[in-house]
Amino acid sequence: MSSDFTAPLGELDPELAGLIDAELDRQRHCLDCIASENFVPAALMQVHGSVLTNKYADGYPGRRDYDGCEVIDEVERLAIARAKALFGAEHANVQPYSGSNANFAVLRALCEPGDTVLGWDFTHGGHPTHYDADTLTGRFYDGIAYHVRRSDRLVDVDEAAELASRHHPKVIFVGWSCYPRTVDYAAFREIADRVGAYLVADMAHVAGIVAAKAHPNPVPLADVCTFTTHKTLGGSRGGAILCRAGLAERIDAAVYPGSQGGPLPHVFGAHALAFHLAKRPEFAERIAQTLSGARTLARVLAEAEVATRCQVVTGGTENHQVILDVSPSGMDGAAALERLEAIAINANAMPLAYDAVPGPIGSGIRLGTAALATRGFDDDAFAELGGLIAAALGREGPSEAVQGQAAQLAASFPLYSALA
């Protein structure tokens, strides 16, 4: 066996090792408010970097295209059983490479090319894979979008019902990527039943909150649910699909071989661990802090509205997201992000419903609390964070004093201390 096979990364490729060290340093010193991100447990990184990565495993447990999959079969069965138990689902597929892959596979399973699909408009908080012409969904299906109301920025269920009655979609998506409130899944179930559509709930952002029983569970109401494993659930990057038993064969065939090749055993092995950890009391406590932290952050930013001229969209939050409209301050999202980046706070810019700022950046800033709650932030820390954000976006701007306070806050919550 060559020395390259056993040498540590630092010896084998010091350039790459240095970049990994630099990323660890960045994560330690930044305050991660990106709603799509989280920090995974050290044990999960062990699974992700384990010998599971060596195995090719096209197919499903008990019916693989390759020999030597008996252990991999058990790993996948474990992930499937844990996903079903965690969410109360009849069937689970843990192979999708991402949430987008999961959504595309669901459409392949349930629709024929040219069928109508009703989804939530991206600029109003939804996700492009639900309907948008720039995605595979729009290329193969007739995508139509519903919106949030101009008056209160809450999802317009009446409009969704009217569009469904007019266009008779084959699939109705309910789920979002930038929306701080809960949704009446039962109302969308009624709409789907009325027009004979499948209801697909995309719970990518709230899967962890659902798992902790701190958010309505769409699984009993929806025909299919998709989700990602790396946001509030705190697992490795990937996707999964839950569905009724009667759709299991179609969903599985649409994932493999319908839309992707061999699965990633090290990833669905990591999913198995994430689903296991999500049943533990510590996880429920972390989700409770995620939600409490978001409410605290929204309150502090709302109280600072006069000084910053930035508005908290819908006036608050019911999940891990706080959405800011920075347009009254004269900034767009890009300018606001520059101010936050100057004090090592990471967030992302989003277009908002009825946005006065055209283009993909828009005037929205999406803040998430899941990663910092994982890091150990309590309500006091989230209140301090809100004050720092308000200072950076206000007249004072990202001063040296504010930069120092942000650095001290990050240092107060060490990250991955056991790593070199």
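**Threonine 116 and its surroundings**

Modeller: In this predicted model, threonine 116 has its place in strand β5, which covers residues 116–120.

Biologist: Why is threonine 116 called buried or exposed, whichever applies?

Modeller: The relative accessible area of threonine 116 is 15%. Buried means under 20%, so threonine 116 is called buried.

Biologist: Which residues is threonine 116 in contact with, leaving aside its neighbours within four places in sequence?

Modeller: The contacts of threonine 116 are Asp142, Ile144, His167, Pro169, Lys170 and Val171. Contact here requires heavy atoms within 4.5 Å.

Biologist: What is the order of the strands in the open sheet?

Modeller: The seven strands are ordered β4-β10-β9-β8-β7-β5-β6, and their pairing is mixed.

Biologist: What makes β4 and β6 the edge strands?

Modeller: Strands β4 (91–93) and β6 (142–146) each pair on one side only.

Biologist: How do you know that β7 and β8 pair?

Modeller: Two strands pair if at least two bridges are found between them. Strand β7 (residues 171–175) and strand β8 (residues 198–202) have five bridges, in the parallel sense, and therefore count as paired. Phenylalanine 173, for instance, has valine 200 in β8 as its bridge partner.

Biologist: Which helix lies across β5?

Modeller: Helix α6 (residues 99–110) lies across β5, and also across β7, β8, β9 and β10. Its direction is at about 160° to β9.

Biologist: Why is glutamate 11, in helix α2, called exposed?

Modeller: Glutamate 11 has a relative accessibility of 63%. Exposed means over 50%, so glutamate 11 counts as exposed.

Key. Residues are numbered from 1 along each chain as its sequence is written. This is a predicted model: local features need pLDDT of at least 70, side-chain atom pairs count only at pLDDT 80 or more; totals for chains, interfaces and linings use all residues. Side-chain values use heavy atoms; hydrogens and water are left out. Helices (H or I, at least four residues) and strands (E, at least two) are DSSP runs, numbered from the N terminus. Buried means under 20% relative accessible area, exposed over 50%, partly exposed in between (1.4 Å probe, protein chains only). Axes are lines fitted to C-alpha atoms, for helices over the stretch in contact, and angles run from 0 to 180 degrees between N-to-C directions.
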